[in-house]
Number of protein chains: 2
Amino acid sequence: MSRQEQKLKTRQNIINGAFSLLDENRSLSAISLREVSRAAGIAPTSFYRHFKDMDELGLTLVDEAGLALRQLMRQARRRIASGGSVIGTSVDTFMEFIAGNTNVFRLLLREHTGTSAAYRMAVFREIQHFIEELTDYITEQLQVEYSIANIQADAMVRLVFSAGAEALEADAQLRTEIADRVKSQLRFIQLGAAATLLTAAS
Amino acid sequence: MSRQEQKLKTRQNIINGAFSLLDENRSLSAISLREVSRAAGIAPTSFYRHFKDMDELGLTLVDEAGLALRQLMRQARRRIASGGSVIGTSVDTFMEFIAGNTNVFRLLLREHTGTSAAYRMAVFREIQHFIEELTDYITEQLQVEYSIANIQADAMVRLVFSAGAEALEADAQLRTEIADRVKSQLRFIQLGAAATLLTAAS
DNA sequence: TAAGTTAGCGTACAGTTGTAAGCTGAGATT
DNA sequence: AATCTCAGCTTACAACTGTACGCTAACTTA
């Protein structure tokens, strides 16, 4: 194995090690450089060969999480295109994502309101991208005004994330209840936004 | 000063000291017993005369925050009763609360997705109370079905809290934009819920 | 092949943490 | 007045933290 390959592999070990430590009772600010190094199987001081400090690792993790989020949206679109209701399919896809990438979603959720301004902003940007993409989608599909579509998309994403947070700690049955509820809420918003459009047009 | 009075005063010093440490970059899990004791002006070991450990203090703080939240709702109702739009007045009152009790709201927000299951549940309960009271209010005012009013109230509270989180880091101008946006979103939901009722009745 | 680069290691240090043990002095009780 | 209670103190310790320093061994380049 070449030197560069080995370095990349170790770097990935650090990232994976960090994610494995981010369970339900540890945030980025609560995991130490030494713990991460231990999980990655290297000496504490070797950590510095890959990251300047823990903050740099944290931002890398947020980036990776954002990447997973964008892949999720692509998957939802594929499913909708091959014949599924927009709201139902989107919520179900999101809930599957949470179940399968628990620590990734938890990272976003936690650091969104966490103690590091840099992390908060990084997560905020990822969510804004998500909202913008949804806004575009709504504008295309329903030919509505951009500003209203944006307010609608914003509300939808916030509700789905909030429901996701609740689902994170729920069992299978409660999760379907949460999913059903958020679907109703998204329909309310869709109806309300449509009604607002009609009012404005008249 | 009697011994009991003195003890209560010290206890309050500990609570106030803890709140003062909970600024934008410290969560409950990130403040130490020694720091709190320092802020309260007592020796670290004297802390134990008042609380079993930091967890007990944390739950006390969440309780206090929940209390403030209920007072907020009462204030909003009073304002609405003396002639104000429901959504506009509620959101404005909430935003004023956040501006005036920043650290209190931040505590709720942060621990809602924090690293302690006990805190998460405690905050969850406070928010549920909030939602239930709003559900009752909607049921009374609009004579709608409880289950629908509950879904509506749930969405409204989640959106307002989410907007509050964003407002926490925004300047005055951005705050009014956030307030306007969330007001629109709440109207969408109200319209959508009403439309759903009509559909169900037909 | 010789020289240069560098990923990873071991040791070390000062700072922080929670909390155990036992003392003091002042308010409370009798 | 004598005794009891207890809020707060000082001291002490083991565990953990980030990171500075210098070494080694293996890969890379000339």
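This report covers the domains of chain A, the pairing of chains A and B, and the surface near DNA strand D. The model is predicted.

**Domains of chain A**

Chain A splits into two domains. Domain 1 runs over residues 1-51, and domain 2 over residues 55-201. The centres of domain 1 and domain 2 of chain A, taken over C-alpha atoms, are 29 Å apart. The two domains do touch: 10 residues of domain 1 of chain A are in contact with 15 residues of domain 2 of chain A. On the domain 1 side of that contact, 7 residues are nonpolar, 2 are polar and 1 is charged.

**Pairing of chains A and B**

How many residues of chain A are in contact with chain B? The count is 32, and they meet 32 residues of chain B. Three helices of chain A each give two or more residues to this side: α5 (102-112), α7 (146-167) and α8 (172-201). The most comes from α8(A), with 12 residues. By class, the chain A side holds 12 nonpolar, 13 polar and 7 charged residues.

The two chains superpose with an RMSD of 0.1 Å. The operation is a turn of 180° with a shift of 0.0 Å along the axis. The copies are therefore related as by a two-fold rotation axis. In chain A, Gly192(A) has the C-alpha nearest the axis, at 2.1 Å. Both copies use the same surface, and 100% of the contact residues of chain A recur in chain B.

**Surface near DNA strand D**

Around DNA strand D there are 20 residues. Which of them come nearest? They are Arg3(A), Ser32(A), Thr10(B), Ala43(B) and Ser46(B). Both chains thus appear in that short list: Arg3 and Ser32 belong to chain A, while Thr10, Ala43 and Ser46 belong to chain B.

Two elements give two or more residues to the surface near DNA strand D: α2 (33-40) of chain A and α1 (3-21) of chain B. The largest share, 4 residues, comes from α1(B). By class, this surface has 5 nonpolar, 8 polar and 7 charged residues.

**Residue classes side by side**

The table collects the class counts for the three surfaces.

| Surface | Nonpolar | Polar | Charged |
|---|---|---|---|
| Domain 1 of chain A, side touching domain 2 of chain A | 7 residues | 2 residues | 1 residue |
| Chain A, side touching chain B | 12 residues | 13 residues | 7 residues |
| Surface near DNA strand D | 5 residues | 8 residues | 7 residues |

Conventions: Residues are numbered from 1 along each chain as its sequence is written. Chains are lettered from A and ligands numbered from 1 in the order in which they are written. This is a predicted model: local features need pLDDT of at least 70, side-chain atom pairs count only at pLDDT 80 or more; totals for chains, interfaces and linings use all residues. A residue is near a molecule or strand if its C-beta atom, placed from the backbone, lies within 6 Å of it. Ala, Val, Leu, Ile, Met, Phe, Trp, Tyr, Cys and Pro count as nonpolar, Asp, Glu, Lys and Arg as charged, and the others, Gly among them, as polar. Domain bounds come from an automatic or database domain assignment. Two residues are in contact if their C-beta atoms, placed from the backbone, lie within 7 Å. Copies are superposed by least squares on the C-alpha atoms of residues with pLDDT of at least 70 in both.
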